[in-house]
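Welcome! Have a look at the model below, and then follow a visitor and a guide as they talk about its side chains.

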Amino acid sequence: MAPAPHLFIASLGNPGAQYALTRHSAGHILLSALASHLGIDFSHSISGHPAARTTVLLPPPKSPHKQRRPKSPPDGSTPPPSPPPPAVEDRVEWTLFPSPAYMNDSGPAVLKAYKSHLRSSSPSDRPTRLIVLYDSLDHQPAALVLRNPANGLSAKGHNGIKSLLAACGADRDLRGLEWGRIGVGIGRGGGEKGSREAGDVSRWVLGRMRGEEVERLRGEVGRLRGLLEGIR
């Protein structure tokens, strides 16, 4: 199995207090919850904007080792199975970066920070994978859906993902970049299927989350961590 990569985890949303708890900023809300869960704050700076960093000790992967029984001794007794190889601890660096740009222009800001981070990082024997958190109308509230790798997948109308795809295509250094994305479900509101009318969608994503919505989303931070720890 390939070693786990370092992660540069960027969230998409809109800047400013007026947008902080809107559904379009669900990625920012969950990234902030992850920082609190990890016991870190946004005291670092990347490209002049706040970021958080920490070292994460990953749980050992499930061993594919199959226990084998040695040959039976002459007396016919059953020997104990051979023990599995000892688990090896794996430490990786996680960097958390909330995009400072408005959603529709978030691609260049995220890639600028990602490249700056790569230039300033110490040499490593493993890559640093870009992972993007964004709000998803196509999933139920607080659902988390990982797509890894995500390059080559449709943006499904999400302007932040469109911006990131366009920025990757325009950057010669990052064309073909293998990155992942985690859709943070916000639903569509307005019944079981929800509305797809542009005006209704805009009001929904820019609408302020209710208190119980925010708490439910923050409560998924453990599941988010599990998804991130499993990335290879």
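What follows is a short conversation about charged and aromatic side chains in this predicted model.

Visitor: How many salt bridges does a search of the whole structure find?
Guide: Keep in mind that we are looking at a predicted model. One of the bridges joins arginine 129 and glutamate 178, and another joins arginine 210 and glutamate 212. Over the whole structure, the search gives a total of twelve.

Visitor: How many residues apart are arginine 129 and glutamate 178?
Guide: Their side chains meet in a salt bridge, with N and O 3.2 Å apart. The pair links distant parts of the chain: arginine 129 belongs to strand E5, while glutamate 178 is in the loop between helix H3 and strand E7. Along the chain, they are separated by 49 residues.

Visitor: Is arginine 129 buried or exposed?
Guide: Let's use the cut-off: buried means under 20% relative accessible area. Its partner glutamate 178 has 41% and is partly exposed. Arginine 129 has a relative accessible area of 9%, so the word for arginine 129 is buried.

Visitor: Which residues are linked with Arg210 in a network of salt bridges?
Guide: Arginine 210 forms a salt bridge with glutamate 212 at 3.2 Å, and its side chain also meets glutamate 213 at 3.5 Å. Glutamate 212 is exposed at 52%, whereas glutamate 213 is buried at 13%. The network links Arg210 with Arg23, Glu212 and Glu213.

Visitor: Over the ring of which residue does the charged end of arginine 23 sit?
Guide: We have just met Arg23 as a member of the salt-bridge network. Its charged end is also 3.6 Å from the centre of a ring, and that ring belongs to tryptophan 204.

Visitor: Are the rings of phenylalanine 8 and tyrosine 114 stacked or edge-to-face?
Guide: This is one of three aromatic pairs in the structure. The ring centres are 5.6 Å apart, and planes over 60 degrees apart count as edge-to-face. Here the planes are at 65°, so the pair is edge-to-face.

Visitor: Where in the chain is tyrosine 114?
Guide: The pair links distant parts of the chain, 106 residues apart. Phenylalanine 8 is in strand E1. Tyrosine 114 lies in helix H2.

Visitor: Which residues do ring pairs link into a cluster with Phe8?
Guide: Phenylalanine 8 is buried, with a relative accessible area of 0%, and tyrosine 114 is buried too, at 3%. Ring pairs link Phe8 into a cluster with Phe97 and Tyr114.

Methods: Residues are numbered from 1 along each chain as its sequence is written. This is a predicted model: local features need pLDDT of at least 70, side-chain atom pairs count only at pLDDT 80 or more; totals for chains, interfaces and linings use all residues. Side-chain values use heavy atoms; hydrogens and water are left out. A salt bridge is a side-chain nitrogen of Lys or Arg within 4 Å of a carboxyl oxygen of Asp or Glu. Helices (H or I, at least four residues) and strands (E, at least two) are DSSP runs, numbered from the N terminus. Buried means under 20% relative accessible area, exposed over 50%, partly exposed in between (1.4 Å probe, protein chains only). Rings of Phe, Tyr and Trp (its six-membered ring) pair if their centres lie within 6.5 Å; planes under 30 degrees apart count as stacked, over 60 as edge-to-face and the rest as tilted. A charge sits over a ring if NZ of Lys or CZ of Arg is within 6 Å of the ring centre and within 35 degrees of the ring normal.
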